[in-house]
Amino acid sequence: RHAFRVEVAKTSAEQARGLMFRAAMGADEGMIFPMSPPRQASFWMRNTVIPLDIIFVGPDRRILNIAANAVPYSEAPIPSEGLAGAVLELNGGRAAELGIAPGDTVEW
């Protein structure tokens, strides 16, 4: 079990901006994007300075898939592998460091 201090991107404007333009983030910091209702999600790294692990979480709060070390500034779509109830963004490589994997449970 590991706890992160995350910002919650609640509004559509907060979700559109995400972690764009951030130059750094603490090891145990991140951002969560709740999705209600759950939906197929796709993210990109436009204007995102730091590499991120993008963790897609299903409606059952289990990790669907992880896009590890997403490339800064890339506009390539990064999709969820199923309906996402939330998306968690962490520093690139952090999921692997902690052994976070598909099937693990995320609580918030």
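**Aromatic rings and buried polar residues in a 108-residue chain**

Let me begin with the surface: the accessible surface of this chain comes to about 5900 Å², and 55% of that area belongs to carbon and sulfur atoms. I should say at once that what you have in front of you is a predicted model, and please keep that in mind throughout.

As for the overall architecture, the secondary structure amounts to two helices and five strands, and, read from the N terminus, the elements follow the order β-α-β-β-β-β-α. The radius of gyration is 12 Å, close to the 13 Å that the globule rule gives for 108 residues, so the chain is as compact as a globular protein of that length. Along the principal axes, the C-alpha trace spans about 30 × 30 × 20 Å. Of the 108 residues, 37% count as buried, and if we take the contacts between residues at least 6 apart in sequence, 71% of them join residues at least 24 apart.

Now to the aromatic residues. How many aromatic pairs does a search of the whole structure find? The search finds two. In one of them, the rings of Phe 33 and Phe 43 have their centres 5.0 Å apart and their planes at 90°, and because planes over 60 degrees apart count as edge-to-face, that is how this pair is classed. The other joins Phe 43 to Phe 56, with the ring centres 6.0 Å apart and the planes at 85°, so this pair is edge-to-face as well. This second pair links distant parts of the chain, since Phe 43 belongs to strand 2, residues 29–43, while Phe 56 belongs to strand 3, residues 52–57, and the two are 13 residues apart. Taken together, Phe 33, Phe 43 and Phe 56 form one aromatic cluster.

Are the members of this cluster buried or exposed? Phe 33 has a relative accessibility of 1% and therefore counts as buried, the limit being under 20%. Phe 43, at 14%, is buried too, and so is Phe 56.

Let me stay with Phe 43 a little longer. Leaving aside neighbours within four places in sequence, Phe 43 is in contact with Phe 33, Met 35, Ile 54, Phe 56, Ala 76, Pro 77, Ile 78, Val 87 and Glu 89. Its C-alpha atom is separated by 9.9 Å from that of Ala 70, which is 27 residues away along the chain.

A separate arrangement involves a charge and a ring: the charged end of Arg 61 sits over the ring of Trp 108, 3.9 Å from the ring centre.

I would like to finish with two polar residues. Thr 48 is found in the loop between strand 2 and strand 3, and with a relative accessible area of 5% Thr 48 is buried. Beyond its neighbours within four places in sequence, Thr 48 is in contact with Leu 19, Met 20, Phe 21, Pro 72 and Tyr 73.

Asn 65, by contrast, lies in strand 4, residues 63–70, and is buried with a relative accessible area of 7%. Which backbone oxygen lies 3.2 Å from a polar atom of the Asn 65 side chain? It is the backbone oxygen of Pro 79. Pro 79 also appears among the residues that Asn 65 touches, not counting those up to four places away in sequence, the others being Ile 54, Ile 55, Phe 56, Ser 80, Glu 81 and Pro 102. Phe 56, then, is touched by Asn 65 and belongs to the aromatic cluster with Phe 33 and Phe 43.

Conventions
Residues are numbered from 1 along each chain as its sequence is written. This is a predicted model: local features need pLDDT of at least 70, side-chain atom pairs count only at pLDDT 80 or more; totals for chains, interfaces and linings use all residues. Side-chain values use heavy atoms; hydrogens and water are left out. Rings of Phe, Tyr and Trp (its six-membered ring) pair if their centres lie within 6.5 Å; planes under 30 degrees apart count as stacked, over 60 as edge-to-face and the rest as tilted. Buried means under 20% relative accessible area, exposed over 50%, partly exposed in between (1.4 Å probe, protein chains only). Helices (H or I, at least four residues) and strands (E, at least two) are DSSP runs, numbered from the N terminus. A charge sits over a ring if NZ of Lys or CZ of Arg is within 6 Å of the ring centre and within 35 degrees of the ring normal. The radius of gyration is taken over C-alpha atoms; the globule rule is 2.2 Å times the number of residues to the power 0.38. Contact means heavy atoms within 4.5 Å. Accessible areas come from the Shrake-Rupley method with a 1.4 Å probe; for residues, only the protein chains shown count as cover. A polar contact is a pair of N or O atoms within 3.5 Å; within protein, one must be able to donate a hydrogen and the other to accept it, and residues adjacent in sequence count only if both atoms are side-chain atoms.
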